[in-house]
Amino acid sequence: MVEQLKMISPLTRSNFSNIAKSDTHGVHVTDRRGLALAQLFARPGKEESLVRRLNLPTQPGHSSAHNGSPANHLALPLAPKQWMLIAEGGGDGSFSRNIREYIGEFGYVSEQSHARVILRVGGTHARELLSKGCRLDLHPRAMGTGACASTTIAHVGVLLHQVDESPTYDLLVYSGFARYFWEWLEESAAEFGLANEVEVV
Amino acid sequence: MKRLIFLKTPEMRTHKQLYRLDTGGYIQRDKPLRFRFDGRSYTGFEGDTLASALLANGKHLVGRSFKYHRPRGILTASSEEPNALVELRKGAFREPNTRATMVELFEGLAAKSQNRFPSLSFDILAINQLFSRFMGAGFYYKTFMWPPSFWETVYEKLIRRAAGLGRAATLPDPDRYEHAHLHCDVLVIGGGAAGLAAALSAGHSGARVVLAEEMPHLGGSLSRADIIDGVPADEWIRKTRQALEALPETQVKTRFCVFGYYDNNTLAAIERVGDHLAATPEHLPRQRLHTIRARKVIFATGALERPVVFDNNDVPGVMLSSAVRHYIEHFAVAPGKSIAIATNNDDAYRTAFALLDAGINVPVIADARLAPSALSQQAEKLGIRIQHAMLPQRAHGIHRVNALSLQRPDGVFAERIQCDCIGVSGGYSPNVSLISQRGDRPRWREDILAFVPEMNETESTSCAGACRGVFDLNACLRDGFEMGERAAKDLGFDIDTQPAPTAPAQETDAIQPLWHCPGKGKSFVDFQNDVTADDIHLANREGYSSVEHLKRYTTLGMATDQGRTSNVNGLAILALAQGKDIPEIGTTRYRPPAVPVAIGAFAGHERGKNFQPVRRTAMHACHEKLGAVFVEAGQWMRPRYYPKPGEDMDAAIWREAKFVRESVGVCDVSTLGRIELFGEDAAEFLNRLYINGWSKLAVGKARYGLMLREDGAVFDDGTTSRLDTNHFLMTTTTANAAAVLAHMEKYAQTVWSDLDVHFCSVTEQWCGVSVAGPRARETLKSAFKDAVNLSNEALPFMGVREFVWNGTIARVFRISFSGELAYEVNVPWGYGEAMWERIMDAGRAFKITPYGTEALGVLRIEKGHVAGGELDGRTTATDMGFGSMLSSKKPFIGLPLSKREGMSDANRPSLVGVRPTDHEQRLRGGAHFVTDIANKGRIESLGWISSVADSPAVGCWIGLGYIQGGHNRIGEKVTAWYPLKDEMIEVEICDPVFVDPKGERLHG
């Protein structure tokens, strides 16, 4: 019987779990742990087949959900013929392996589950908070549910995805920068009141 | 019917605000505030500025001038104030040169006057005035000529002490600043009549509108007497604000100053979040710097009144006529009890009416114009004494005006009027400082004697109201409203058909030039830089006849106010001196920032520990627990060494390096760049990137690769492994990871887009440790148990295996930087700590030692491996001894230019090892190899030392370096010269591989 190695989040060693929660809060941040991430590339000439097979979005800057085989996932376009897939089911690499098998010769898959943390930012002041570091226009006329973009926030590379109209955003932040980014978020959100939690998907 | 003036009730009198009117203004009389100026205690009210509160206490003298240390008072009521600069707050919070007119009063505010010693009323350096005839324009350059060496050592220091503005705090700025990004359809800059009207019409269309106003309140220069849409201006401003704030997409921003206009309608603004508070609350920044991206910009920046240039016009109590009116109407403060007025236009009459209304005596209005105007006749009917064709001659008084002499236009004295304040008006100049940042030079309009924006409208900007020379209130409202409508319409919004706000017609007669009144004394043009009319004449006589030369020679308009009250007067005086028209003289341009902005605001969050993002490895907490001292490697934090109690850095490095060779050590190598490549053409892509070949690399094997830049110099190196036929994992140096990825993207996207190759960074998907030393295999066997076979047969040198370790996918690479038997182990990021702990546990039997970047450096120098010091961007593959790696079977990036004459010169310095002949001596990185210094008198460099280490394995300092002749010099003794410490030692050139040249340890 081998003992499993213990997995931790890049934010485990930050003050994420012990900040004082304010009673009224305009910003809510969730560290969403246990999601699988896979970066997908279409092979030359196989883009259409791949798109059909996994129900991928073809419009830049807009995500789409796929319900079905090999697993339910959300796809965010990253670049021409390139997507980031997000799925439930942990960071053991099984999602990437399943996708790799499922698409066969249509494309290539890079396992990325550990490369990023996913911070869900919501609350009445979420947009105002992000505008302190994000150059993109987050106004509903410019960006709605399902919009996604690769950008920098507070000088850190972030893949941003708008989850709902309220608005709520998922920010995919490189693991090495996670603690720095969280500290920026905490300082910048102070004026709105901040609540945070860990969610294990 | 006149109202009673000055505070009457006993309760009010205890505040001693002797110049406060008993009604009116926007101050809150039930909220008195105490404040201190130069140590004395005063009171004001909530809603006051420091300037209005000082005036309410009869205090006009607030500062000393820049050069002559003349007593100075408050000239304006807003942002362009040149004189009333004070020092605010204490200690680290000390802020010099704060404009008293912009400081909102708070309880306990403490301000100090500047540029005086020992006190404001008695300033020793006021003696400069006695010598002022020697201190005209350019006097520094004329006076402090000899000896030249004294300029930097003596003169400059003396001048800087005597002249200049306030004292900056020398402590770190304790305030917090923030950045923010703002997007909108229409940005309206200025919340006066035109700006409000523009925001109204644009806002009603549903466009996203931001109205930016620098002051804490809206309304600009609207007067209490103005009527808009049938109601008093106050009421209209309040209603308009409500209407704007009710629009869901319109934002009204006050204390929000737009100071820069940049390309493509990008603008910068500073928001004063905490400046008006005694202390900024912890959860708020003091100021916020906004970057604004607007589709349309409407400038409604208004106009600024010009002072009148006459003898002694800088005595405290001489104030702009519009400012006099503003202090009365806004703050219920009378700048004097008897206020004389000097003007060349109609606007000053409105001030006179406000004064009469407040019951303040107006002894005379001196109007430079020959004929009566409609307004002057109206004033006369109200009983004011009007003197036409009359100019101010001299203001009398030292610390405060006590009289005004008048003269005829020909310079003949007319009379002396007793007064304690003089309201002056030289006409209005559109405030184009921001507008001209679009790149245009303002255009002169003779009818209003002012520069207006050259282009009223561009594709993405427009100007509305007084800032483009529209001075009539009704016209301003209509102009703003139309510009707002037009902007919204251009952007595709539907505009509703509601009418523009209207105001009763105002009758205004023409202005008359009044640039310089005859006089014998000092007539100031630029108050902040102490430039007089005589200085301008002098500069012109000395040949500085171009406006740009005039500016630099006299410093006219070069102070922090960028000459907003002085430029036009200065140009006009220069034009008069040359007998030219003003448009022929031209005007200087403005640059951002239009108002002074604290440096801290530009830095924002990015200071101290947040200067740049910090990148931590998965095992950061493990290193912290072991007491590691960290070093920044790019943005990464890497353990530099792990000192034991009582151990210094050198001892720790020595111990760590020694232990790796003797037993086993572990080092965090997560920071190396990792790039995963896929595709049928991935091997071909690598062939083109690297100097060596990749097609024949077997699956499960790694190979060292070197890549060049296009110019033939070495770019980066690392090992790349073949995980599957069409699947590679490349590693790069920590420093170059991003640059290498960008380099690859460029070629894959633009040059070889036909290749089936795809890649992405997996640097943070994985984390890695290097386990090195004779006991490395035993350590890992104990850690991995049966998960993978590490025997020499199963995993030879440069072998790679993927396996499952305790439920987690892992990779082991048999590669070595240290020259020892070594393995690099990778697991996904989240298992980094667990891996570290397991390996430390497994290695305990061998006293496993964690080692940092310093020991890593020692080990690789001992083995003769190149790194940062050798890959300095100037060296070639052949220089490094990798000439044999250069493939002749395929082209690769950098190949053509690597064959250039200079790059392939046989005499280029090439890689060697070096050690001191005397083993007690230390080597220095950066030292040069030189020959025969004593004889030649001239030093010739043969090369340099690129890396050094105090080697436990060799027992003395060793180094790598480049020297002409390279290998052929092995055994030779040369001199290493280190000029920074003036050290010269004899060294021996040797083979760069100091340890295990046969590679027996590596393959063991």
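Which residue takes a positive phi in the hairpin of β8(A) and β9(A)? The residue is Ala154(A), with a positive phi near 50 degrees, in a hairpin that has two residues between the strands. Welcome to this structure, which is a predicted model. The tour below starts with chain A, moves to the contact of the two chains and then goes through chain B.

## Chain A: a hairpin and two domains

Let us stay with that hairpin for a moment. Strand β8 covers residues 148–153 of chain A and strand β9 covers residues 156–164, and the two pair in the antiparallel sense over six bridges. In this pairing, Cys148(A) has His161(A) of β9(A) standing opposite.

The hairpin strands also matter for how the domains of the chain meet. Chain A is assigned domain 1 (16–33 + 115–200) and domain 2 (35–111). Their centres, taken over C-alpha atoms, are separated by 24 Å. In the contact, 11 residues of domain 1 of chain A meet eight residues of domain 2 of chain A. On the domain 1 side, the elements that give two or more residues are β7 (116–122), β8 and β9 of chain A. Of these, β8(A) gives the most, with three residues. This side of domain 1 of chain A divides into six nonpolar, three polar and two charged residues.

## Where chain A touches chain B

The contact of the two chains takes 39 residues from chain A and 37 residues from chain B. On the chain A side, the elements that give two or more residues are β2 (35–42), β6 (107–111) and α4 (178–189). By class, this side of chain A has 16 nonpolar, 13 polar and 10 charged residues.

## Chain B: domains and a five-stranded sheet

The domain assignment of chain B runs from domain 1 (1–169) and domain 2 (177–303 + 430–490) through domain 3 (307–426), domain 4 (513–593) and domain 5 (673–761) to domain 6 (905–994). The centres of domain 1 of chain B and domain 2 of chain B lie 29 Å apart, taken over C-alpha atoms. Each of these two domains puts seven residues into their contact. On the domain 1 side, the residues are two nonpolar, three polar and two charged.

Early in chain B there is an open sheet of five strands, in the order β2-β1-β7-β5-β6, with mixed pairing. Its edge strands, β2 (40–46) and β6 (95–99) of chain B, each pair on one side only. On average, and with direction ignored, neighbouring strands of this sheet are turned by 40 degrees against each other. Within the sheet, β1 (residues 28–37) and β7 (residues 109–112) of chain B run parallel and are joined by three bridges. Phe37(B) stands opposite Ala111(B) in β7(B).

## Two helix pairs in chain B

Two packed helices are described by the angle between their axes and the distance between the axes. Here are two such pairs.

| Helix pair | Angle | Axis distance |
|---|---|---|
| α11 (533–541) and α13 (567–578) of chain B | about 45 degrees | 10 Å |
| α20 (776–784) and α21 (832–843) of chain B | about 120 degrees | 8 Å |

The angle of α11(B) and α13(B) is why they count as oblique to each other, and their crossing is right-handed. From α11(B), Ala533(B), Ile536(B), His537(B) and Asn540(B) meet Gly570(B), Ile573(B), Leu574(B), Ala577(B) and Gln578(B) of α13(B). By class, this contact has five nonpolar, four polar and no charged residues.

α20(B) and α21(B) are also oblique to each other, and α20(B) passes α21(B) in a right-handed crossing. Here Thr779(B), Ser782(B) and Ala783(B) of α20(B) meet Arg838(B), Ile839(B), Ala842(B) and Gly843(B) of α21(B). The classes in this contact are three nonpolar, three polar and one charged.

## A sheet with helices packed on it

What do α20(B) and α21(B) lie against? The answer begins with an open sheet of six strands in chain B, in the order β40-β41-β42-β39-β33-β43, with mixed pairing. The edge strands of this sheet are β40 (800–805) and β43 (849–850) of chain B. Inside the sheet, β39 (residues 766–772) and β42 (residues 822–828) of chain B pair in the antiparallel sense over seven bridges, with Trp766(B) standing opposite Pro828(B) in β42(B).

α20(B) packs on the sheet, touching β39, β40 and β42 of chain B, and its direction makes about 135 degrees with that of β39(B). α21(B) lies across β33 (665–668), β39 and β42 of chain B and runs at about 15 degrees to β39(B).

How values were computed. Residues are numbered from 1 along each chain as its sequence is written. Chains are lettered from A and ligands numbered from 1 in the order in which they are written. This is a predicted model: local features need pLDDT of at least 70, side-chain atom pairs count only at pLDDT 80 or more; totals for chains, interfaces and linings use all residues. Domain bounds come from an automatic or database domain assignment. Ala, Val, Leu, Ile, Met, Phe, Trp, Tyr, Cys and Pro count as nonpolar, Asp, Glu, Lys and Arg as charged, and the others, Gly among them, as polar. Axes are lines fitted to C-alpha atoms, for helices over the stretch in contact, and angles run from 0 to 180 degrees between N-to-C directions. Helices (H or I, at least four residues) and strands (E, at least two) are DSSP runs, numbered from the N terminus. Angles under 35 degrees count as roughly parallel, over 145 as roughly antiparallel, 65 to 115 as roughly perpendicular and the rest as oblique. A crossing is left-handed if the near helix is turned anticlockwise from the far one by less than a right angle, and right-handed if clockwise. Two strands pair if DSSP finds at least two bridges between them.
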